[in-house]
Amino acid sequence: MNEAARLSALRKAVDVLTDASPDDRLAARPNWDSLAVLLVVTHFEHDYGVTVTGAQVRACATVRDLLALLPSSQP
Amino acid sequence: MHSALSHFRIAGVAVTTGSVERDFIADGLAAGIDRAQLERVSAAVGLRKRLVAPAGVTALDLCEDAARRLLSALDVDPSSIDAVVFVTQTPDHPQPNDASLLHGRLGLSKAAMAFDLSHGCSGWVYGLHQAALLCAHGGAARVLLCAGDTLSRLTHPADRSVDPIFGDAGSAALVERTGVDAPWHFIFGTDGSAADVIAVPAGGARSPASESTKVVKRDAEGHGRCEENLRMDGAAVMSFTLREVPGAVKAALTAAGWKAPEACAFHQANRFVLSVLAKACGLDPASVPMDLTERFGNLSSASVPAVLAHAYGAALSTASLRLLACGYGVGLSWAAAAGPIGPCVCLPMLPLRR
């Protein structure tokens, strides 16, 4: 799965990222909060089988950083 | 671990909740949180109302009420009960255990055994397994299984990550030996390496309660709690649940030879968790009751019997259903069970009257 497809899936899964671009800064997104972090963690676990921690998600600065948490070999 | 047990049945279930209603939105507004933010979380996670125990009421009190209502409805002579299994993480005392205290309150036979089982949200399935073992292989004809917690007491009001979640309730189920070979299949799992994901760090033997364990500190997200409070890493719990529980559920269904259950009693973490978990388990989300947390709160070890009482009481009064029961939580631990239930008595959930 390429970055565009992963971004599309992320937008569907996380309500505050529905119109997000890869370079968007997460801290500038309205409602980027603990619920949004939970939605990202859930999306990665449920749809990719990839476990990430809340701390890893909170440490991301941009949407691209979030997508980079998924291993590149991930389908 | 897979365990198959037969020759027992669940004769009845009763659940008594706390009597003090808490409202997620109203409590959040009082704490100075923006209404729009509260409504977003309420809608996404499924948090609305919860019922907590008033001051002085414990899990033992709630379970005693449920047990008295159940034994009365079933017209069971308390002296015929051979064992009490009490599942709780919030016992009245370090010693003696709640099971012995309940045994005394109900005036049970001196020939009965009584013990506690320390587990939270997976605990009812663990307790059912113990009760079933006693009936199937342990010489017991009747076992009273009680499961309840008052987790609302363990959270700190300044910890919004857990404080708005929990309700308080106690349950009672009567498990009886039968001559019928109707197997149940239990699947258990544990990941003790992640035990700190859900924990009350202080107040036990390792870190006794002291002045220092009462000091409230803020975490990186601004949530306030002390070492005697319940803490939970919600993201880690979500990952664990999706990683471990679907395999256990599928293994239980496969062992039972079922394509799908007729009744699903999952621990009610919240609607969000359950909606994702149902899909991950390959179940139709519409077939999985997931509305209890927004009505009663997360009821910990009492939530699986609460689903039976709340969602299946009417059906189980006349029918036998293929039940899938599943709990997951502190330990970390998980348990799934597939077996027949009903016809049996599932009393309406009631708040404690006192």
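This briefing walks through a predicted model with chains A and B. Chain A is an all-helix affair in the count, with 4 helices and 0 strands. It meets chain B through 13 residues of its own and 15 of chain B. After those two topics come a helix pair in chain B and a handful of backbone oddities.

**Chain A as a whole**
- Going along the sequence, the elements of chain A read α-α-α-α.
- The radius of gyration of chain A comes out at 11 Å, and the globule rule for 75 residues also gives 11 Å, so chain A is as compact as a globular protein of that length.
- Laid along its principal axes, the C-alpha trace of chain A covers about 30 × 20 × 20 Å.
- Buried residues account for 25% of the 75 residues in chain A.
- Take the contacts in chain A with a separation of 6 or more: 54% of them link residues 24 or more positions apart.

**Where chain B touches chain A**
- On the chain B side, 15 residues are in contact with 13 residues of chain A.
- Three elements of chain B give two or more residues each to that side: α2 (35-46), α6 (234-256) and α7 (271-280).
- Helix α6(B) hands over the largest share, 7 residues.
- Sorted by class, the chain B side has 8 nonpolar, 3 polar and 4 charged residues.

**The α3/α4 pair in chain B**
- Helix α3 (residues 59-74) and helix α4 (residues 98-106) of chain B have axes that come within 10 Å and cross at roughly 45 degrees.
- An angle from 35 to 65 degrees is neither roughly parallel nor roughly perpendicular, which makes α3(B) oblique to α4(B).
- As for handedness, α3(B) and α4(B) make a right-handed crossing.
- From α3(B), the residues in the contact are A59(B), L60(B), C63(B), E64(B) and A67(B). They meet D98(B), L101(B), L102(B), R105(B) and L106(B) from α4(B).
- That contact of α3(B) with α4(B) breaks down into 7 nonpolar and 3 charged residues, with no polar ones.

**Cis peptide bonds in chain B**
- One cis peptide bond runs from Q95(B) to P96(B), with omega near -10 degrees.
- To find P96(B), look in the loop between β5 (83-87) and α4 of chain B.
- Another cis peptide bond joins G342(B) to P343(B), and here omega is about -5 degrees.
- P343(B) sits in the loop between β16 (333-341) and β17 (345-346) of chain B.

**Positive phi outside glycine**
- In chain A, N31(A) has phi near 65 degrees, a positive value in a residue other than glycine.
- N31(A) lies in the loop between α1 (3-13) and α2 (34-48) of chain A.
- With 13 other C-beta atoms within 10 Å, N31(A) counts as partly exposed.
- In chain B, H7(B) also isn't a glycine but has a positive phi, near 60 degrees.
- H7(B) belongs to the loop between β1 (2-5) and β2 (8-17) of chain B.
- The count for H7(B) is 17 other C-beta atoms within 10 Å, and that makes H7(B) partly exposed, since a residue needs 20 or more to be buried.

Terms used
Residues are numbered from 1 along each chain as its sequence is written. Chains are lettered from A and ligands numbered from 1 in the order in which they are written. This is a predicted model: local features need pLDDT of at least 70, side-chain atom pairs count only at pLDDT 80 or more; totals for chains, interfaces and linings use all residues. Axes are lines fitted to C-alpha atoms, for helices over the stretch in contact, and angles run from 0 to 180 degrees between N-to-C directions. Angles under 35 degrees count as roughly parallel, over 145 as roughly antiparallel, 65 to 115 as roughly perpendicular and the rest as oblique. A crossing is left-handed if the near helix is turned anticlockwise from the far one by less than a right angle, and right-handed if clockwise. Two residues are in contact if their C-beta atoms, placed from the backbone, lie within 7 Å. Ala, Val, Leu, Ile, Met, Phe, Trp, Tyr, Cys and Pro count as nonpolar, Asp, Glu, Lys and Arg as charged, and the others, Gly among them, as polar. The radius of gyration is taken over C-alpha atoms; the globule rule is 2.2 Å times the number of residues to the power 0.38. A residue is buried if 20 or more other C-beta atoms lie within 10 Å of its own, exposed if 12 or fewer, and partly exposed in between; C-beta atoms are placed from the backbone.
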